[in-house]
Amino acid sequence: MEADRKAMQGDTSMLPDPDFHAKTTYKIGSKVICCLEGARIGIQYETSFAGEPCEIYHCILESKSFLEKMTVIEHTIPFFLPIREAENDLLSSNAMKFIDHVGELLQAYVDRREQVRLIKELYGNQIGELYHSLPYHMIEFVLDDFDCKVTVSVRYADLLSVLPTRIRVLAWPIQHSKNNSTDTPSKNVPARLSYAEDALRTMSLPEAFAEIVLNLQQALQQLFQH
């Protein structure tokens, strides 16, 4: 990969860590790599979403001598991302592969998080409940602004994924007390919304949400009206 050699002269907005200031750095994609004093390497990770910059993260690697493997001595990476596993698996054999892998972990995390933030911002009035894991690789939410309660559950294959692989969207018919005595069991079980699952499998969360809402009333009518 071609690296553009750049001298960041006093650009404190781009390189907020004092160790990076006035150092000769290499810009590779969304990463800035800097050779620091004392056999240390500093990496700055720039994340973004939809073309807009998000957080900047840092990681500093050190080797006591040329005969010893590099180790992570400082970082600002979220604690729930497996940087120590990556260090054990990759850093001793291929430092650049480790650096790239951590960058991919961070960008995927930011992508998933920002997708959830966006659906809350755009469609918050239609979402009754929303739960997610810290790295946003498990997400569940409920749509209750419709004739049925719709539950959405998505799981990502790993922390590098930005599209889910395990998806379940269920529509739960609303039970009315006056009909409880005559309702058959088949009317009370949830129905899977296959079109919604397909949308979540191939689109970002905000795009899939819009697709689900657009076609939801028609899908519910086909499922539950006789």
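The secondary structure of the protein chain comprises 5 helices and 11 strands. The model is a predicted one. The protein chain has 226 residues, of which 42% count as buried. Among its contacts with a separation of 6 or more, 40% are between residues 24 or more positions apart. The exposed surface of the protein chain amounts to about 12,700 Å², and carbon and sulfur atoms supply 51% of that area.

Helix α5 covers residues 205-224 and bends by about 50° at leucine 216. Leu216 is also one of the buried residues of this helix. The others in α5 that are buried are Leu205, Pro206, Ala208, Phe209, Ile212, Val213, Ala219 and Leu220. The cover over the buried residues of α5 comes from both helices and strands: it includes α2 (95-123) and α4 (194-202), together with β7 (127-132), β8 (138-143), β9 (148-155) and β10 (166-173).

The packing of α5 against α4 was examined next. The axes of these two helices, α4 and α5, come within 9 Å and cross at roughly 170°. An angle over 145 degrees counts as roughly antiparallel, and α4 and α5 are therefore roughly antiparallel to each other. By class, the contact of α4 with α5 has 9 nonpolar residues, 1 polar residue and 1 charged residue. On the α4 side, the residues that take part are Tyr195, Ala196, Ala199 and Leu200. On the α5 side, they are Leu205, Ala208, Glu211, Ile212, Asn215, Leu216 and Ala219. Leu216, where α5 bends, thus belongs to the residues that meet α4.

Helix α2 also packs against α5, with the axes 8 Å apart and at an angle of about 40°. The helices α2 and α5 are therefore oblique to each other. The contact of α2 with α5 has 8 nonpolar residues, 1 polar residue and no charged residues. From α2, Gln115, Val116, Leu118, Ile119 and Tyr123 take part, and they meet Leu205, Pro206, Phe209 and Ala210 in α5. Leu205 is listed in the contact with α2 and also in the contact with α4.

Glutamine 115 lies in helix α2. With a relative accessible area of 6%, glutamine 115 is buried, because buried means under 20% relative accessible area. Not counting residues up to four places away in sequence, glutamine 115 touches Phe49, Val162, Ser204, Leu205 and Pro206. Of these, Leu205 and Pro206 are themselves buried residues of α5.

Two further positions lie outside the helices. Aspartate 144 is located in the loop between β8 and β9, two strands that are among the elements covering the buried residues of α5. The relative accessible area of aspartate 144 is 47%, and this residue is partly exposed. Leaving aside neighbours within four places in sequence, aspartate 144 is in contact with Gln126, Ile127 and Gly128. From aspartate 144 to glutamate 129 the C-alpha to C-alpha distance is 8.7 Å, and the two are 15 residues apart in sequence.

Glycine 42 lies in strand β4, which spans residues 40-49. Glycine 42 has 0% relative accessibility and counts as buried. Glycine 42 and glutamate 62 are 20 residues apart in sequence, while their C-alpha atoms are 8.8 Å apart in space.

Notes: Residues are numbered from 1 along each chain as its sequence is written. This is a predicted model: local features need pLDDT of at least 70, side-chain atom pairs count only at pLDDT 80 or more; totals for chains, interfaces and linings use all residues. Side-chain values use heavy atoms; hydrogens and water are left out. The bend at a residue is the angle between axes fitted to the seven residues ending there and the seven starting there. Helices (H or I, at least four residues) and strands (E, at least two) are DSSP runs, numbered from the N terminus. Buried means under 20% relative accessible area, exposed over 50%, partly exposed in between (1.4 Å probe, protein chains only). Contact means heavy atoms within 4.5 Å. Axes are lines fitted to C-alpha atoms, for helices over the stretch in contact, and angles run from 0 to 180 degrees between N-to-C directions. Angles under 35 degrees count as roughly parallel, over 145 as roughly antiparallel, 65 to 115 as roughly perpendicular and the rest as oblique. Ala, Val, Leu, Ile, Met, Phe, Trp, Tyr, Cys and Pro count as nonpolar, Asp, Glu, Lys and Arg as charged, and the others, Gly among them, as polar. Accessible areas come from the Shrake-Rupley method with a 1.4 Å probe; for residues, only the protein chains shown count as cover.
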